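The following note is offered to a colleague who is meeting this structure for the first time. Please read the numbered points with the sequence and the model side by side.

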Amino acid sequence: SMSANLSSGVTKIYSTDSAFAAVKSDGSVVTWGSADHGGDSSSVSSELTGVIEIYSTDTAFAAIVEID
């Protein structure tokens, strides 16, 4: 569930006009809110590992990931 994903390890939270993205200490990301504003990251979830920073606009998120 969403609350279980956010219950621990959240280090930063970012927002667009109608969505949120939380970066966790393990480099994973949890998003929620309006899918039209970045709240549904399921199509790129496999790429959201090692995230170190997120940038946002009114309607989208961009993640910076650490490259091994």
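1. Two strands are taken to pair if DSSP finds at least two bridges between them. Strands β2 and β3 meet this condition, being joined by 5 bridges and running antiparallel. The model under discussion is a predicted one, and the remarks below should be read accordingly.

2. The other pairing of β2 is with β1. Strand β1 covers residues 10–15 and strand β2 residues 19–24; 5 bridges join them, and the two run antiparallel. The connection from β1 to β2 is a hairpin through 3 residues.

3. Taken together, 3 strands make up an open sheet, arranged in the order β1-β2-β3 with antiparallel pairing. Because β1 and β3 (29–33) each have a single partner strand, they stand at the edges, and one side of each is left without a neighbour in the sheet. On average, neighbouring strands of this sheet are turned by 20 degrees against each other, direction ignored.

4. Ala22 is a convenient residue for following the register across the sheet. In one direction, Ile13 stands opposite Ala22 of β2. In the other, Ala22 stands opposite Val30 of β3.

5. On aromatic side chains, the count comes to 1 aromatic pair. Phe20 and Trp32 form this pair, which is stacked, with 5.5 Å from centre to centre and 20 degrees between the planes. Since Phe20 belongs to strand β2 and Trp32 to strand β3, the pair ties together parts that lie 12 residues apart in sequence.

6. Are the two rings' residues buried, exposed or partly exposed? Residues count as partly exposed between 20% and 50% relative accessible area. Phe20 has a relative accessible area of 37% and is therefore partly exposed. Trp32, at 24% relative accessibility, is likewise partly exposed.

7. Which residues make up the largest nonpolar core? It has 7 residues, namely Tyr14, Ala21, Val23, Val29, Leu48, Val51 and Ile54. Strands β2 and β4 (51–56) each supply at least two residues of this core. In soluble globular proteins, nonpolar side chains tend to be buried together.

8. Val29 deserves a separate look within that core. Leaving aside residues up to four places away in sequence, Val29 touches Ala21, Ala22 and Val23, and also Leu48, Val51 and Ile54. Of these contacts, Ala22 is the residue that stands opposite Val30 in β3.

Technical notes
Residues are numbered from 1 along each chain as its sequence is written. This is a predicted model: local features need pLDDT of at least 70, side-chain atom pairs count only at pLDDT 80 or more; totals for chains, interfaces and linings use all residues. Side-chain values use heavy atoms; hydrogens and water are left out. Helices (H or I, at least four residues) and strands (E, at least two) are DSSP runs, numbered from the N terminus. Axes are lines fitted to C-alpha atoms, for helices over the stretch in contact, and angles run from 0 to 180 degrees between N-to-C directions. Rings of Phe, Tyr and Trp (its six-membered ring) pair if their centres lie within 6.5 Å; planes under 30 degrees apart count as stacked, over 60 as edge-to-face and the rest as tilted. Buried means under 20% relative accessible area, exposed over 50%, partly exposed in between (1.4 Å probe, protein chains only). A nonpolar core is a set of buried Ala, Val, Leu, Ile, Met, Phe, Trp, Tyr and Cys residues joined through side-chain atoms within 4.5 Å. Contact means heavy atoms within 4.5 Å.
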